[in-house]
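Me: I would like a close look at one part of this structure. Please take a single strand and describe its surroundings in a connected account.

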Amino acid sequence: MYEDKFMDRALALSAQALKESGTEPFGAVIVRNGVLVGEGFNHSVANFDPTSHGEIEAIRDACQRLKTVDLSGCELYTSCEPCALCVAAMKICGIGKLYYGASLAQSAEAFANVSRAARHPIDIDELRLEAGGTLDTRSQPSEQKRDAEAVRILEKWVASRDA
């Protein structure tokens, strides 16, 4: 069941990217039985790791804390709708429910004018087509929550790159 405090944390992690170099504004948390068991945000540039997305980092953290690779019964709260890589990881580990802030369309709009030098771009539509990693709400229940807040963080991050 959705709890605002967990989306608060995902958005707070997203906002950390406004202060830390080598990060991007995508934060996520994993919740099991009402308890936060994992969290992360995008460190792709800082870690020289293209898989270091917020959702992936949260999944890694939860698996390490729980000493398992099975996150069945867990929920993922994220500041932005996940890409195909993250959707695949969610399916592999069995995450049961997803709550996300900005949609992929909203994040694409926010990042439309960011230069390649400021951000390694990903063509989400092409990636999903090739990888088949789409959000199928029949097998991956999901709900969009608090997108306006999530988009504001994305826009602030973009503005900080223009300065």
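Reply: The following account concerns strand 1 and its surroundings in this predicted model.

Strand 1 comprises residues 27-32, and 5 of its 6 residues are buried, so the strand is largely enclosed by the rest of the structure. The strand has pairing partners in strand 2 and strand 3. With strand 2 (residues 35-41) it runs antiparallel, joined by 6 bridges. These two strands form a hairpin with 2 residues between them, and in that turn Asn-33 has a positive phi of about 50°. Strand 3 (residues 74-80) also pairs with strand 1 in the antiparallel sense, here over 5 bridges.

Ile-30 illustrates both pairings: it stands opposite Gly-38 in strand 2, while its bridge partner in strand 3 is Leu-76.

The side chains may be considered next. In a regular strand, side chains alternate between the two faces of the sheet. Val-29 belongs to the largest nonpolar core, which has 23 residues, and is listed with Met-7, Tyr-77, Ala-102, Phe-111 and Leu-154 as touching the most other members. At least two residues of this core come from each of helix 1 (4-16), strand 1, strand 3, strand 4 (97-102) and helix 7 (147-162). Helix 7 gives the largest share, 6 residues. Ala-28, by contrast, is included in a second, separate core of 19 residues, together with Ile-56, Ala-62 and Cys-63 among others.

Met-7, in the largest core, has contacts that include Tyr-77, Thr-78, Tyr-99, Tyr-100 and Gly-101, leaving aside residues up to four places away in sequence.

Note on methods: Residues are numbered from 1 along each chain as its sequence is written. This is a predicted model: local features need pLDDT of at least 70, side-chain atom pairs count only at pLDDT 80 or more; totals for chains, interfaces and linings use all residues. Side-chain values use heavy atoms; hydrogens and water are left out. Buried means under 20% relative accessible area, exposed over 50%, partly exposed in between (1.4 Å probe, protein chains only). Helices (H or I, at least four residues) and strands (E, at least two) are DSSP runs, numbered from the N terminus. Two strands pair if DSSP finds at least two bridges between them. A nonpolar core is a set of buried Ala, Val, Leu, Ile, Met, Phe, Trp, Tyr and Cys residues joined through side-chain atoms within 4.5 Å. Contact means heavy atoms within 4.5 Å.
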